[in-house]
Amino acid sequence: MISKKIKVALIFGLVLISSVGFVVAANSQSGPILDENNNFVMTVHANPSTGYYWVSNGGESHGAHVIDKQFVQDYNDGMLGVGGIYYFTIHVDDINDYYFKINEVSPSGEFTGKSIDSDMVN
């Protein structure tokens, strides 16, 4: 039987591994698949209780912008400090020329070097 400490360590490891974000896409074309309103959704696992958070970097992005950002907490069964998923809904202004990027920010307000962009599909 696996001890409770090992189970917690395994779960924590899986959460860290799964912290890489995803751009929603439906086929093998480069870039995200846009809906009928020229929107797409970027998702990233996060745990805001740690002080780390994700922001759009307008200086690097062009032709696209955030129209909605929501955080949905994982099921927590009454526990505090549980992570979840950020959903960034992005609107594309020019479908022929756009780039969008989000960056992780540390509790001290510095970029961590982790980022996700609209080119990370496939």
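**Exercise 1. Place S106 in the chain and describe its surroundings.**

*Solution.* Start with the location: S106 sits in the loop between strand 6 and strand 7 (111-117), where strands (E, at least two residues) and helices (H or I, at least four) are DSSP runs numbered from the N terminus. A quick word on the model: it is predicted, so local features need pLDDT of at least 70 and side-chain atom pairs count only at pLDDT 80 or more, while totals for chains, interfaces and linings use all residues. Residues are numbered from 1 along each chain as its sequence is written, and side-chain values use heavy atoms, with hydrogens and water left out.

Next, check burial. S106 has 10% relative accessibility and therefore counts as buried (under 20% relative accessible area; exposed is over 50%, partly exposed in between; 1.4 Å probe, protein chains only).

Then list the neighbours. Leaving aside residues up to four places away in sequence, S106 touches G51, Y52, Y53 and T112, a contact being heavy atoms within 4.5 Å.

Last, look at the side chain: that of S106 makes a polar contact with the side chain of S108 at 2.9 Å. Such a contact is a pair of N or O atoms within 3.5 Å; within protein, one must be able to donate a hydrogen and the other to accept it, and residues adjacent in sequence count only if both atoms are side-chain atoms.

**Exercise 2. Find the salt bridge and say what it ties together.**

*Solution.* Apply the rule first: a side-chain nitrogen of Lys or Arg within 4 Å of a carboxyl oxygen of Asp or Glu. The count is one salt bridge. Its partners are K101 and E60, with the closest N and O atoms 2.9 Å apart. K101 belongs to strand 6 (residues 101-105) and E60 to the loop between strand 3 (53-56) and strand 4 (64-73), so the pair links parts 41 residues apart in sequence.

Now compare exposure. K101 is buried at 13% relative accessible area, whereas E60 is partly exposed at 36%.

**Exercise 3. Describe the fold and its largest nonpolar core.**

*Solution.* Count the elements: the chain has one helix and seven strands. Their order from the N terminus is α-β-β-β-β-β-β-β.

Turn to burial: of the 122 residues in the chain, 30% are buried.

Finally, inspect the core, a set of buried Ala, Val, Leu, Ile, Met, Phe, Trp, Tyr and Cys residues joined through side-chain atoms within 4.5 Å. The largest one holds 14 residues, and M42, W54, F88 and I102 touch the most other members. Strand 2 (39-46) and strand 5 (84-92) are the elements that each give two or more residues to this core.
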